[in-house]
Structure formats: C-alpha cells, structure tokens
Amino acid sequence: INAEYMGVNKRAFYRPEDMDNNVRVLRSKLLWLGIMNLVTAPFILCYLLIHTLFMHGAELRLSPGKLSVRQWTRKSLLMFREFNELPHRFEIRMSSAAPLAQKYVDQFPYRLLSIVARFVVFVSGGFAAVIILLSLMNYPLLLFIEVYGQNLLWWLSILTLILVTSLSLTDEDHHGSYDAEGALKDVAHHLHYFPSRWKDQAHTLKVRDEFLKLYQYRISLFLYEMISVVITPLVLLFILPGQADRLVKFLVDYSIEVDGVGYVCGFSAFDFEHFGNQKYGSRCLLNSKRSKRGKMEKSFHSFCQAHPNWKPPENCIARNPSVDVYQEQELWEMQELAPSNTAKST
C-alpha cells in the first residue's frame with residue numbers, strides 16, 4: 001500500500017490517531033481500483049493469452065510434456081522468501097529445491113492416472129504410426145485425405161501432442177526404496193519451511209496434498225491466472241474494502257521508522273525487541289507480534305550466512321537468537337536431519 005498514491009502524508013499514514021481517515025481513503029481507493037480492473041479485465045485477459053503464447057508457444061511446441069511440469073505457486077514463493085533475501089539468492093534456493101520437491105511427489109505415484117496415460121499413449125501412438133506408414137508409401141496422402149474435415153497432417157500433429165503429453169504423465173518404474181520422510185526433509189533444507197504438523201507425517205496423503213498446494217502443475221497455474229483476472233475485480237470491490245481497517249492496522253502495528261531509510265516492516269529490520277519469538281531464541285518479552293515459525297530469526301541467520309561481513313546493529317546483537325537456542329529449536333524445523341548443518345556458521 002503506497003501512502004503517496006492514497007494522497008496521505010507518509011508520517012500521518014503510520015500514526016494511530018489518523019487510522020480512521022486512512023481507512024476511509026484506502027477503502028475508496030480499493031473501490032476505484034476494483035472498477036478499473038473490471039473495465040480492463042477483457043484487455044488484461046487478452047494480454048495474458050498473447051503474452052503466454054509468445055513466451056511459451058515455441059517451448060510447448062517442442063516439448064509439450066512441460067505442461068505437466070510442476071512449479072512453485074505465487075503463494076508458496078511469498079511464504080518461502082525470507083526477510084531481506086536478495087532475489088538471485090532466493091531463485092537459486094528455489095531452483096535447488098524444485099528437483100527435490102519432485103522427488104518427494106514421486107513417492108506417491110498416481111497409479112490410475114498412469115494407467116490411463118499409458119492407454120492413451122498406446123492408442124495415440126498406434127494411430128500416429130499408421131499415418132506415418134501411409135506417408136512413407138505416398139506422401140501426398142497427408143495433405144489430401146481428410147478425417148472429420150482435417151487432413152492427416154493435422155491429425156498427426158494432434159496425435160503427437162497427445163502422445164508426448166501422455167508420456168510425461170506415466171510413472172517410471174521406481175527401483176529405489178520409498179522414503180517420503182527423507183525426501184521431504186531434503187526439500188525442507190532448501191525451503192527453510194517445515195511445519196511441526198509435517199513431522200513424521202510425510203508419508204500421509206494429508207501432508208502430500210498440503211505440499212502439492214504449494215507445488216502445482218504449470219497448466220493449473222496458468223488457468224488460475226486466467227481465472228484471477230475475473231476474480232480480482234470482485235475481491236477489490238466486495239472483500240478488501242471491508243478489510244481496510246485491518247490492513248491499515250497491520251501497517252501501523254508492524255512498521256518502524258529507520259533513520260535515513262524511512263518506514264519499513266519491523267521484521268525486515270530484525271527488530272527482535274518488538275517482533276522476536278522467544279520459542280526461537282530471541283531475547284525479548286513474549287508478544288503477539290512475533291513472526292510465525294520464527295521466520296524473522298531464520299531470516300536473520302540466513303542473512304548473516306549470506307553476508308558474513310555485515311555487522312548487525314547493537315540492539316540487534318543484544319537480542320538476537322543465540323546459536324545454541326537456534327540449534328535446539330531447529331529453526332529449519334528439521335535442521336539436524338538436513339544434508340549440512342548451516343546453523344553453526346553463525
């Protein structure tokens with residue numbers, strides 16, 4: 001939320017006594033944005049379709065199987081990115097986690113889907129082989145013989161697309177031992193995310209389904225993107241205006257002023273005194289503004305590892321989580337089972 005865009009002085013925007021006025025301004029701005037999104041929705045939808053066609057058209061034509069490749073959702077990227085983490089470091093971390101995430105997903109083969117995919121491969125491959133044999137005997141047949149109004153060349157292209165996509169959905173024979181717990185812990189080492197409810201439950205369908213909500217098929221994410229163009233105006237018009245007071249209150253409660261910088265999120269400033277979590281080693285009073293699952297403490301240690309020459313402010317040093325407590329609380333939630341112990345470096 002940009003204070004200048006709302007026509008409010010920055011300092012006034014973060015003052016508790018000005019909350020009522022800021023809520024009214026924010027609510028009107030959200031309604032205006034909702035109307036604008038509703039009017040421009042058809043154009044945005046066309047732009048997304050054209051953009052996707054130009055960006056990924058050639059890639060999908062050469063490798064249709066990539067439609068079934070999974071990737072991290074936008075929500076998961078917001079969850080996994082740590083405070084003050086530089087974009088290139090975050091991309092490296094997510095890229096390293098992706099193959100391990102796929103390894104965990106492979107621990108739960110979709111038998112029924114694989115059987116159906118193999119059947120489709122068998123049928124489409126058979127028809128494609130017949131068309132290819134006909135073309136070898138008499139090439140012009142591809143252009144002049146029509147089936148349901150389309151020539152054989154068109155059908156060969158469609159069958160090839162179906163064949164390659166179906167092949168990507170078939171499960172390869174798994175000759176190794178199944179180890180869902182180990183696979184998920186390997187992913188958690190890179191994600192720095194491992195809720196306590198996942199511990200010793202990685203083999204269950206409940207945890208698998210929760211994980212798959214964060215790691216979905218590319219084609220599914222594209223469809224959600226298209227649907228969001230329609231849903232966004234409705235959210236802006238009917239849902240967010242009713243939450244304007246909570247949005248402003250969050251900014252007031254979780255923002256601090258840093259000399260020479262201005263107002264920033266208290267978590268990104270590593271303000272352990274006001275936002276620390278005692279459960280994760282911060283030397284502070286117990287408060288309700290602490291980050292969930294010790295994300296600020298995790299971010300602090302990751303930032304120290306990434307920038308060893310950085311010297312934290314004195315107030316940060318006085319209240320930052322000690323290394324011993326850091327290890328005892330398992331800030332990565334399963335740190336002792338990870339491939340390497342990164343906590344000791346700080």
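**Exercise 1. The end of α8**

Task: State which residue follows α8 and describe its phi, its place and its burial.

Solution.
Step 1. Directly after α8 comes His-192, and its phi is positive, near 60°. The model examined here is a predicted one.
Step 2. Most residues other than glycine have a negative phi, and most peptide bonds are trans.
Step 3. His-192 is not a glycine, yet its phi is positive at about 60°.
Step 4. His-192 sits in the loop between α8 and α9.
Step 5. The relative accessible area of His-192 is 16%, and buried means under 20%, so His-192 is buried.

**Exercise 2. Another positive phi**

Task: Find whether Asp-200 is buried, partly exposed or exposed, and say where Asp-200 is placed.

Solution.
Step 1. Asp-200 lies in the loop between α8 and α9.
Step 2. Although Asp-200 is not a glycine, its phi is positive, at about 60°.
Step 3. Asp-200 has a relative accessible area of 47%; this falls between the 20% and 50% limits, so Asp-200 is partly exposed.

**Exercise 3. The helix α8**

Task: Check the length of α8 against the expected span, then list its buried residues and the elements they pack against.

Solution.
Step 1. α8 has twelve residues, and at 1.5 Å a residue they should span 16 Å.
Step 2. The end C-alpha atoms of α8 are 16 Å apart, so the span agrees with the expected one.
Step 3. Ten of the twelve residues of α8 are buried, and the helix is mostly covered.
Step 4. These buried residues are Ala-180, Glu-181, Gly-182, Ala-183, Leu-184, Lys-185, Val-187, Ala-188, His-189 and Leu-191.
Step 5. Their packing partners are β1, α3, α4 and α9.

**Exercise 4. Trp-198 and its surroundings**

Task: Describe where Trp-198 is found, how buried it is and which residues it touches.

Solution.
Step 1. Trp-198 is found in the loop between α8 and α9.
Step 2. With a relative accessible area of 1%, under the 20% limit, Trp-198 is buried.
Step 3. Leaving out residues up to four places away in sequence, Trp-198 touches Leu-184, Tyr-193, Val-207, Glu-210, Phe-211 and Leu-214.
Step 4. Trp-198 and Glu-181 are 17 residues apart in sequence, and their C-alpha atoms are 9.2 Å apart in space.

**Exercise 5. The nonpolar cores**

Task: Name the residues with the most contacts inside the largest nonpolar core, the elements that give two or more residues to it, and some members of a second core.

Solution.
Step 1. The largest nonpolar core holds 24 residues.
Step 2. Trp-72, Phe-80, Tyr-104, Leu-184, Leu-191, Trp-198 and Phe-211 have the most contacts inside this core.
Step 3. Two or more residues of the core come from each of α4 (87-105), α8 (180-191) and α9 (205-212).
Step 4. A separate second core has ten residues, among them Phe-267, Phe-275, Phe-300 and Cys-304.

**Exercise 6. The helix α13**

Task: Compare the span of α13 with the expected one and list its buried residues.

Solution.
Step 1. Helix α13 runs over residues 295-306, twelve residues in number.
Step 2. From first C-alpha to last, α13 reaches 16 Å, close to the 16 Å expected at 1.5 Å a residue.
Step 3. Nine of the twelve residues are buried, and α13 is mostly covered.
Step 4. Buried in α13 are Met-296, Glu-297, Lys-298, Ser-299, Phe-300, His-301, Ser-302, Phe-303 and Cys-304.

**Exercise 7. The largest pocket**

Task: Give the volume of the largest pocket and describe its lining.

Solution.
Step 1. The largest pocket encloses about 810 Å³ of space.
Step 2. Its lining has 24 residues; nearest the centre lie Gln-71, Arg-218, Leu-221, Phe-222 and Glu-225.
Step 3. At least two lining residues come from each of α2 (19-62), β1 (70-72), α3 (74-80) and α10 (218-239).
Step 4. By kind, twelve lining residues are nonpolar, eight polar and four charged.

**Exercise 8. The whole chain**

Task: Count the helices and strands, and give the share of buried residues and of contacts that join residues at least 24 apart.

Solution.
Step 1. There are 15 helices and six strands in the chain.
Step 2. Of the 346 residues in the chain, 36% are buried.
Step 3. Among contacts between residues at least 6 apart in sequence, 66% join residues at least 24 apart.
Step 4. For a pair far apart in sequence, take Glu-257 and Tyr-14: 243 residues separate them in sequence, and 9.5 Å in space, C-alpha to C-alpha.
Step 5. Glu-257 belongs to strand β5 (residues 255-258), and its relative accessible area of 40% makes it partly exposed.

Notes
Residues are numbered from 1 along each chain as its sequence is written. This is a predicted model: local features need pLDDT of at least 70, side-chain atom pairs count only at pLDDT 80 or more; totals for chains, interfaces and linings use all residues. Side-chain values use heavy atoms; hydrogens and water are left out. A nonpolar core is a set of buried Ala, Val, Leu, Ile, Met, Phe, Trp, Tyr and Cys residues joined through side-chain atoms within 4.5 Å. Buried means under 20% relative accessible area, exposed over 50%, partly exposed in between (1.4 Å probe, protein chains only). Helices (H or I, at least four residues) and strands (E, at least two) are DSSP runs, numbered from the N terminus. Contact means heavy atoms within 4.5 Å. On a 1 Å grid over the protein atoms alone, a cavity is a set of points where a 1.4 Å probe fits but cannot get out, and a pocket is an open set with protein on both sides within 12 Å along at least five of seven lines; lining residues have an atom within 4 Å of a point. Grid points are joined across faces, edges and corners, and a volume is the space filled by probe spheres set on the points. Ala, Val, Leu, Ile, Met, Phe, Trp, Tyr, Cys and Pro count as nonpolar, Asp, Glu, Lys and Arg as charged, and the others, Gly among them, as polar. The expected span of a helix is 1.5 Å times one less than its number of residues.
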